[in-house]
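Q: Please take a close look at one part of this model and describe it in detail. I should like a connected account for use at the bench, with the terms explained as they arise.

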Amino acid sequence: MSMTRLLFLGTGGGRFVTLTQERSTGGILIDDGPRLHIDPGPGALSALRRNRVNPKDLDAILISHCHPDHYANAEVLIEGISSFRSGRKRALLASHSVIKGRGEIGPAISKYHLNKLDLVRTMKGGDIQEIKGVKITATPSIHSDPDTIGFKISTSSGDISYVADTELRDGIVDLHKGARILILSTTRPLRARIPHHLSTEDAAYFAECIRPDLVILTHLGKRFLKDDPNYQAGWVHNKTGIETIAAIDNMLVTIGEDIGISSGTGDNGQ
Ligand SMILES: [Zn+2]
């Protein structure tokens, strides 16, 4: 079995943490041969540099929805990577709001930048796109951007599910079934649920439905950070019996037969 790498370029979420960069909001890099960058928000470019990832090696940018903590560095990335003549094809997979705009929301990427890409795909829940042999399924979300999607990525080491900002409702969990790694955007801690976002209680319910090998909590908001991310992850673990961790910036997860977790550069602001 080959090795798949999951690098957390940012683990913060919500407007306050995005503003202060108490945690980076650079998204997640998945390297399974093809390299996919999910949700390159503020801090993505400096996080790539800190982790010695050359942006020109990216094959696709995936953007879940049209809020700046998910897309703010995307145009800079597209502008830069498309000027390298490496023969590599570059793709953008994103929600309708990101690519075309929806009412007062978006678009996040200008026509000029869209035209620089080899493939631009607008996705909604259930849509499938292949990038160099890796199948990517868009999953539904219920969020303040009505076009929000998550992604289930079928890698050589099993399915990795990225659950984007969403409320927990019927129909949200189903497409993530079978995931080996479940990444949950858990903005809110215990006893602090708000509309449009997952809380620690929701994370435990989600984990129970999927029963993956590992649950990773990320996209952590200000209140979540204050209420001790490791305590929140431990609560999910105790409730479900499923291994659960709260992500830290620059954390590297290697997935082969076994799953390895290392703290990366160690520069995670903790
Ligand atoms: Zn959002």
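A: The account that follows begins at the metal site and then moves outward through its surroundings.

The model is predicted, so local features are given at pLDDT of at least 70 and side-chain atom pairs only at pLDDT 80 or more, whereas totals for chains, interfaces and linings use all residues. Residues are numbered from 1 along each chain as its sequence is written, and side-chain values use heavy atoms, with hydrogens and water left out.

The zinc ion has four protein donors: H65 through NE2, H67 through ND1, H143 through NE2 and D165 through OD, at 2.1 to 2.8 Å. Donors here are N, O and S atoms within 2.8 Å of the metal (3.2 Å for Na, K and Ca), and the site may look incomplete because water is not among the atoms. Around the ion, the four donor atoms subtend angles of 87 to 174°. Along the sequence the donor residues follow the spacing H-x1-H-x75-H-x21-D. H143 belongs to the loop between β8 (134-140) and β9 (149-155), and D165 to the loop between β10 (158-163) and β11 (181-185), so this pair ties together parts that are 22 residues apart in sequence. Helices (H or I, at least four residues) and strands (E, at least two) are DSSP runs, numbered from the N terminus. H143 and D165 are both buried, that is, under 20% relative accessible area with a 1.4 Å probe and protein chains only; exposed is over 50%, and partly exposed lies in between.

T148 sits in the loop between β8 and β9. With a relative accessibility of 3%, T148 counts as buried. A polar atom of the T148 side chain lies 2.7 Å from the backbone oxygen of D145. Beyond its neighbours within four places in sequence, T148 is in contact (heavy atoms within 4.5 Å) with several residues, among them the zinc donors H65, H143 and D165. S64, T139, P140, S141 and A164 are also in contact with T148.

D145 leads on to S97, which is placed in helix α5 (residues 96-99). The side chains of S97 and D145 are joined by a polar contact of 2.6 Å. A polar contact is a pair of N or O atoms within 3.5 Å; within protein, one must be able to donate a hydrogen and the other to accept it, and residues adjacent in sequence count only if both atoms are side-chain atoms. A second such contact, of 2.8 Å, runs from the side chain of S97 to that of S95. S97 counts as buried because its relative accessibility is 0%. Leaving aside neighbours within four places in sequence, the residues in contact with S97 include H65, C66, R102, I105 and D147. The loop between α5 and α6 (111-114) holds E104, which counts as exposed at 85% relative accessibility.

The loops that carry H143 and D165 adjoin strands of an open sheet. This sheet has seven strands in the order β7-β8-β9-β10-β11-β12-β13, with mixed pairing. Its edges are β7 (128-131) and β13 (244-246); each has a single partner strand, so one side of each is left without a neighbour in the sheet. Direction ignored, neighbouring strands are turned by 20° against each other on average. Within the sheet, β9 and β10 run antiparallel and are joined by five bridges; strands pair if DSSP finds at least two bridges between them. One such position places F151 opposite its bridge partner Y162 in β10.

Two helices complete this part of the picture. Helix α7 (residues 200-210) lies across β10, β11 and β12 (214-218), at about 160° to β11. Helix α9 (residues 229-240) packs on the sheet, where it touches β12 and β13, and its direction makes about 165° with that of β13. Such angles run from 0 to 180 degrees between N-to-C directions, with axes fitted to C-alpha atoms, for helices over the stretch in contact.

A further open sheet has eight strands in the order β6-β5-β4-β3-β2-β1-β14-β15, again with mixed pairing. Here β3 and β4 pair in the parallel sense over three bridges, with I38 opposite L62 in β4. Helix α4 (residues 74-81) lies across β3 and β4 (60-63), running at about 165° to β4.

Key. Tetrahedral: all angles 85-135°; square planar, octahedral: opposite > 155°, others 65-115°.
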